[in-house]
Amino acid sequence: SQMLVEGNKHFTSPSKYLTEVPEELRRQNSYYEEVLKQMAEYCKQMSVMTLNAAIEAGRMGEAGMSFVSASEEVRNLSVAYNGMIQQMRQLLMESETKIALMEEKFQQLIALLKDNNVATGKLMKQCNDTAKFIEKTSIHTLSEGMSPFRDQIIGLKNVEEEIVKAEERNRMQMSDIREEMVAQQKNENEIIDLLN
């Protein structure tokens with residue numbers, strides 16, 4: 001138990017790390033959000049550029065038709081790219097929720113560990129106090145203190161023996177009563193036979 005208490009004292013370093021993890025994850029998510037904003041801006045610019053390119057290619061007539069088609073394809077890819085950015089933002093929001101829950105669970109775990117450490121420390125103190133009390137108390141003092149309990153135990157044992165004896169007497173009396181009843185019944189039958 002003492003080794004357990006000593007070991008539990010070293011929870012500070014891991015608990016400090018666990019409390020820092022959510023903040024580190026939040027910083028990473030914040031960075032990712034900035035990257036996504038920049039990507040969304042590039043996507044918007046790409047859409048505008050492809051639209052302008054398609055307009056210019058349309059002015060070229062038949063010669064620019066293949067370029068218009070390519071611009072339209074790039075624009076479609078830009079829309080799909082923007083959709084992926086929105087999906088990533090949704091994942092980041094879900095990640096934030098999970099981080100908050102994880103942080104809450106870490107705090108609960110750390111609080112439980114602290115409570116456990118305090119309770120174990122109190123238990124060890126009580127054990128040490130009990131050991132000191134026993135060292136100070138002699139066997140003679142204990143046996144004198146136990147005398148009333150010993151007398152009660154002996155009394156209970158005597159009562160138990162008396163109950164067993166009373167049950168045996170009751171069984172014997174019941175047997176005697178049965179025999180007496182059988183004899184009485186026999187006598188009654190004989191009297192009835194004589195009367196008839």
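**A chain of four helices**

The accessible surface of this chain comes to about 15900 Å², and 62% of that area belongs to carbon and sulfur atoms. The model is a predicted one, and its secondary structure consists of 4 helices and 0 strands, so that, read from the N terminus, the order of elements is α-α-α-α. Of the 196 residues in the chain, 13% count as buried.

The contacts give a first view of how the chain is arranged. When contacts between residues at least 6 apart in sequence are taken together, 84% of them join residues at least 24 apart. One pair that is distant in sequence is E20 and E103, which are separated by 83 residues along the chain and by 9.1 Å in space, C-alpha to C-alpha. E20 belongs to helix 2, and with a relative accessible area of 39% this residue is partly exposed, because that value falls between the 20% under which a residue is buried and the 50% over which a residue is exposed.

Helix 3, which covers residues 65-136, has 72 residues and reaches 105 Å from its first C-alpha to its last, a span close to the 106 Å expected at 1.5 Å a residue. The buried residues of helix 3 are S71, S78, I85, L92, I99, F106, I110, N117, T120 and M124, a list in which serine, asparagine and threonine stand beside isoleucine, leucine, phenylalanine and methionine. In an α-helix there are 3.6 residues a turn, so residues three or four places apart point the same way.

Two of these buried residues, I85 and L92, lead on to the largest nonpolar core, which has 5 residues in all: L36, A40, C43, I85 and L92. Helix 2 and helix 3 each supply at least two residues of this core, and helix 2 gives the most, with 3 residues. Which residues does I85 touch, once its neighbours within four places in sequence are left aside? I85 is then in contact with L36, M39, A40 and C43. In soluble globular proteins, nonpolar side chains tend to be buried together.

Not every nonpolar side chain in the model is covered in this way, as a patch on the surface shows: Y31, Y32 and V35 make a nonpolar surface patch of about 300 Å². V35 has its place in helix 2, which covers residues 12-59, and this valine is partly exposed, with a relative accessible area of 31%. V35 can be counted in the patch because a patch residue needs over 30% relative accessible area, and V35 has 31%.

Conventions:
Residues are numbered from 1 along each chain as its sequence is written. This is a predicted model: local features need pLDDT of at least 70, side-chain atom pairs count only at pLDDT 80 or more; totals for chains, interfaces and linings use all residues. Side-chain values use heavy atoms; hydrogens and water are left out. Buried means under 20% relative accessible area, exposed over 50%, partly exposed in between (1.4 Å probe, protein chains only). Contact means heavy atoms within 4.5 Å. Accessible areas come from the Shrake-Rupley method with a 1.4 Å probe; for residues, only the protein chains shown count as cover. Patches are made of residues with over 30% relative accessible area and no salt bridge: like charges are joined within 9 Å, nonpolar side chains (Val, Leu, Ile, Met, Phe, Trp, Tyr) within 5 Å. A salt bridge is a side-chain nitrogen of Lys or Arg within 4 Å of a carboxyl oxygen of Asp or Glu. A nonpolar core is a set of buried Ala, Val, Leu, Ile, Met, Phe, Trp, Tyr and Cys residues joined through side-chain atoms within 4.5 Å. The expected span of a helix is 1.5 Å times one less than its number of residues.
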